[in-house]
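Me: I've got a model loaded and want to talk through a few of its packing details. Could you walk me through it?

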Amino acid sequence: MKKARQRQRVFILCLLSVTVLAPIVFLSNGASFLASFGRRGLAHDISTLKYRAESSQLHAIEEADGSLVEPKPIVYREKDLGSLISLGTSNVDSDSTQHRSTDDTTDSKKPENTGHKTILLGSNGTNDERRKENRSNSKVPSRSDTVGSSRDQSIRRTSQKQIDRRVKEIQDKIIQAKTYLTLTPPGSNSHLVKELRQRIKELERYASEGAKDTDLPRSALQKTKAMEFTLFKANRVYKDCTAIAKKLRAMTYNAEEQVRAHKNEATYLLGLAARTTPKGYHCLSLRLTAEYFALSPDERQFPNQQKVHDPNLHHYAVFSDNILASAVVVNSTVSSAQDTGKVVFHVVTNALNLPAISMWFLLYPPGKATIHVQSVDNFEALSANYDTILKKQNSTDPRYTSELNHLRFYLPDVFPELSKIVLLDHDVVVRRDLAGLWGVDLKGKVNAAVETCHESDPSFRRMDMLINFSDPNVARRLDAGACTWAFGMNLFDLREWRRRDLTALYHKYLRMGSKRGLWKSGSLGLGWATFYNRTVGLDKKWQRLGLGYESGVGAGDGIEEAAVLHYDGVRKPWLDIGIPKYKSYWTAYLNYDNPHFQQCNIHP
């Protein structure tokens, strides 16, 4: 009996030992099995991510033969390595990314207060508070409304800048992920490769939404952090920094080359579009020319021609071969004038467009103002210099060598009876009465113009931008730091001009430039040299520049208060490439319902 109980106790003890030891043995074997399996999986990821010289082509950056071209190697100095070392060690802290992911996701539900507006995550509470503030401020006087409106615009601009920054960060991470994918052999389908492709697909959607000027959703931050963790894993698996640096350097170089090529192509196409004339304008010119020659000589005469030489009136001049541009300048000037009976407008064009422009103003006279249209061929002094000098300038843009462009330097010869005149370019719109210009004190100077030498202004220009100061004669005569000014709206004292014989000085500079290339294309550099120390600066409210290119001029930058709006640049308002937000100021002075526009299919 005792032996049976002893055997039973031994059997129970054996069972207990088995139940205790078996899990330990099983767990140890399982751990070794999982470790070996993990090593095999890691080895598989490493094998799939092994760099190959003949790796697949990049998605968006390719050469003609499908291979990337590397830039020339650069040797860095020792003092330049500080930033590189700091960038290289930034990944050391990435180990904490995984541990912070949960907390960051939780914190992402809280609005990121930037001092203006919630970015990326949004905040209904913040928006509701701002809407309540706007409603409560609706009863404040108009000045407060204006301040609030400008503040809201500033908030929107700041918000958009930060959204753009977020989108660029997302795009950078997409490029990093694609770089790792390009280092994998074709057909690779490891877990890490699948994860990279999935992250790329997710972030590309957010990048496209951000490019449409829309707020990024809340999930954008979570997906961005998920991509950061995936990139961290790829960085840990693939440690061949030399191969990655080589690939990124090649990508950057090819991207820069493509951007440079596209910019050159865009600049060429934009210049080509600026030199073309819309089809409807050709139709209008032909119809008006035919109607003009159908008139009798008496019917071609303009009324009030006795005022053309009266120096006591307000004389304005525009030199143009564009019918509608001339019409807008005249119409806007006359409609803005308080005493239109004192306005005399001189329009000078070439012989080809003289009939059409004359017929336009015969059909649509500028109210009580006097109009005088003449041809540039009537001025023999300009014709002689144009044939000898201007035609020899091999400019890619014929507008810069046009006789009408250089006629401004012959104003005393064109208007011998006048003492003062206001010259307007044909790409301006007059929105305020210009009668105050005739009371400006020129202080013995010849020219009055708006200055462009202030660096904070979008139209800032330096003398050396258009003048070659490497020539000793130019450096001795002119100061590179002198204040610059703009054509577009200029008041000229013709008597002082004649006394100083500035036309002869212009001829001298023109000949010097034709021999040594002192001036860039156009007449602005020549104007700076000719009227050097002979120009009086006008208040900026007289002329607002920068409407013919992307200058960043907004509604709050003095457009509404400006007397003259100048579409300087190639994107003229009468062309399809004109900037839409500025076109309405120009089209407001044309009646597009008249039969000539309808027949020629001309629309705003």
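Reply: Sure. A bit of vocabulary to start: two strands count as paired if DSSP finds at least two bridges between them. Keep in mind that this is a predicted model.

Me: Okay, so what is the strand order in the open sheet of three strands?

Reply: The pairing in this sheet is mixed. Its edge strands are β5 (428-430) and β9 (543-544), each pairing on one side only. Put together, the order reads β5-β10-β9.

Me: Which residue in β10 does V429 stand opposite?

Reply: Strand β10 covers residues 564-566, and three bridges join β5 to it. The two strands run antiparallel. Across from V429 in β10 you'll find L565.

Me: Now to β1. How many of its residues are buried?

Reply: Strand β1 spans residues 314-319. On one side H314, Y316 and V318 are buried, and on the other so are H315, A317 and F319. Both faces are covered, and the buried count is six of six.

Me: And which residue of β2 stands opposite A317?

Reply: β1 pairs with strand β2 (residues 343-349) in the parallel sense, over six bridges. Opposite A317 in β2 stands H346.

Me: Let's do helices. Are α10 and α11 parallel, perpendicular or oblique to each other?

Reply: Helix α10 takes in residues 323-336 and helix α11 residues 354-363, and their axes are 10 Å apart. They pack at an angle of about 40 degrees. Roughly parallel would need an angle under 35 degrees, and roughly perpendicular one of 65 to 115. So α10 is oblique to α11.

Me: How many of the residues in that contact are nonpolar?

Reply: From α10 the contact uses I323, L324, S326, A327 and V330, while α11 brings A356, I357, W360 and F361. None of these is charged and one is polar. The nonpolar ones number eight.

Me: What's the handedness of the crossing of α10 and α11?

Reply: We already have the angle of about 40 degrees between the two helices. As for handedness, the crossing is right-handed.

Me: Last one: is T333 buried or exposed?

Reply: T333 lies in helix α10. Leaving out residues up to four places away in sequence, T333 touches Y316, F345, L424 and V430. Its relative accessible area is 3%, and the cut-off for buried is under 20%. So T333 is buried.

Conventions:
Residues are numbered from 1 along each chain as its sequence is written. This is a predicted model: local features need pLDDT of at least 70, side-chain atom pairs count only at pLDDT 80 or more; totals for chains, interfaces and linings use all residues. Side-chain values use heavy atoms; hydrogens and water are left out. Axes are lines fitted to C-alpha atoms, for helices over the stretch in contact, and angles run from 0 to 180 degrees between N-to-C directions. Helices (H or I, at least four residues) and strands (E, at least two) are DSSP runs, numbered from the N terminus. Angles under 35 degrees count as roughly parallel, over 145 as roughly antiparallel, 65 to 115 as roughly perpendicular and the rest as oblique. A crossing is left-handed if the near helix is turned anticlockwise from the far one by less than a right angle, and right-handed if clockwise. Contact means heavy atoms within 4.5 Å. Ala, Val, Leu, Ile, Met, Phe, Trp, Tyr, Cys and Pro count as nonpolar, Asp, Glu, Lys and Arg as charged, and the others, Gly among them, as polar. Buried means under 20% relative accessible area, exposed over 50%, partly exposed in between (1.4 Å probe, protein chains only).
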